[in-house]
Amino acid sequence: MGGVNGAQAVGTRGRTLIIVQNLPVPFDRRVWLECKALTAAGYDVTVVCPKGKNDPTDEVVDGVRLLKYRPYAPGGGAVGFVLEYIYSFLATARLVLRARRDGKFDVLQACNPPDIFWPIARWLRGRDSSRFVFDHHDLCPELYDSRFPDKSDLPKRGLLALERATFRTADHVVSTNASYAEIAMRRGDKAPADVTVVRTGPDPERLRRGAAVPALRHGRQHLVAYIGVMGPQDGVDLAVRAAAHVVHELGRKDVAFTFMGGGDSWEELVALRDELALQDYLELPGRVPDDTVLDVLSTAAVGLSPDPKNPLNDVSTMNKTMEYMAFGLPVVAFDLKETRVSAGDAALYIESGDVAAYARAIVELLDDAEKRDAMGRRGRLRIEDELGWPHQRDAYVGVYDALVGQRRVRG
């Protein structure tokens, strides 16, 4: 992902600035697809985001300028998040000022979490008449409820206030699914015309099943995979426990597991794996290169979406589920509203939190190649015919075309 470095494209339709806080770009797959769509449409694109490991602070990748700051994540619960967000806001504002020296921006896009960048949008609007797109990736109040269910309501009220300010500042909201669009209209008082659903659909040309790599099965018959963030709300601990049930309770020594990704819970998951005596069966390599993801998902028989039901997950679209479908993998998931919308009959749905049933569903698919293949084909067709990025791209670029046209008319 990302391609080779080169000169930044000269935009013919306007300049846009995209702010991301929680992931580096191009590692953030959704944002990178958006960047590529905008540059292909003739926009000049600059991104401000945190650095990944060994990333330069200023580079051009495939015509997109990437300005990056050193990330800071002190941890320590809610207070740690506040410190992280204050630092991120100041680091982002500094790089926005730097990028602004090269000229005015027609559009600023801020991606959440967190919902803290609306003051920058208001400043650019007052100075340059820049338009503001809010790319709504997560529900921060529900995220707080999911991570800190027994904590005070005061931080949640603050998050709701920040969300409300972001919605009110936005000229247009891009929502990742219909549930988020409904919240933008109900909680954010946005008019339907000012909200567009743009799903995080994978690119079916880039994400497709290739040749299997048998060595990744480590001498076993089957490989089961997970790809995604590993935070407290992502349920990867449940997937680890399900793997232990498969191996130790169901006696399946013919299954290898590879769980790819990083996050706040990664070290705890490694400890849990070792506690459950899964060292010989479960790999937790952390974040891995795209080539490794392609090899693992091309070799795997089943993809896991273990996100438990909570206020955030139930109405969120899981990128991992869509990526499994792009690779023609059947999915085992807990029964969530938006997961059913995405996966349809390409997934088996288990009551949230039932680890034993989750493990049995994995084994059911491993033992039924015909069912596995049929579900995988249905998932792939949903990506090709409806959910993939080519079906989302035109709506996304159309938001920009409309806003830039309005800005020029008003100018």
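A search of the whole structure, which is a predicted model, finds one cavity of 30 Å³ or more. Its volume is about 40 Å³.

**The cavity lining.** Select A110, C111, N112, P114, D115, F117, W118, F132, F134 and T166, the residues that line the largest cavity. Colouring the selection by class separates seven nonpolar, two polar and one charged residues. Next, display strand 5 (107–111) and strand 6 (131–136); each supplies at least two residues of this lining.

**Helix 3.** Proceed to residues 118–128, which form helix 3. Its buried residues are I120, A121, L124 and D128. Viewed along the axis, these four lie on the same side of helix 3, because they cover an arc of only 100° around that axis. An α-helix has 3.6 residues a turn, so residues three or four places apart point the same way. Just after helix 3, select S129 and inspect its backbone: phi is positive there, at about 60°.

**D106.** Now select D106, in the loop between helix 2 (78–100) and strand 5. Is D106 buried or exposed? With a relative accessible area of 10%, D106 is buried, because the cut-off for that class is under 20%. Add R15 to the selection: the side chain of D106 reaches the backbone nitrogen of R15 at 2.8 Å. Finally, add R125 and draw a C-alpha to C-alpha distance from D106, which gives 9.2 Å. In sequence, D106 and R125 are 19 residues apart.

Methods. Residues are numbered from 1 along each chain as its sequence is written. This is a predicted model: local features need pLDDT of at least 70, side-chain atom pairs count only at pLDDT 80 or more; totals for chains, interfaces and linings use all residues. Side-chain values use heavy atoms; hydrogens and water are left out. Buried means under 20% relative accessible area, exposed over 50%, partly exposed in between (1.4 Å probe, protein chains only). The arc is that of the directions from the helix axis to the C-beta atoms. On a 1 Å grid over the protein atoms alone, a cavity is a set of points where a 1.4 Å probe fits but cannot get out, and a pocket is an open set with protein on both sides within 12 Å along at least five of seven lines; lining residues have an atom within 4 Å of a point. Grid points are joined across faces, edges and corners, and a volume is the space filled by probe spheres set on the points. Ala, Val, Leu, Ile, Met, Phe, Trp, Tyr, Cys and Pro count as nonpolar, Asp, Glu, Lys and Arg as charged, and the others, Gly among them, as polar. A polar contact is a pair of N or O atoms within 3.5 Å; within protein, one must be able to donate a hydrogen and the other to accept it, and residues adjacent in sequence count only if both atoms are side-chain atoms.
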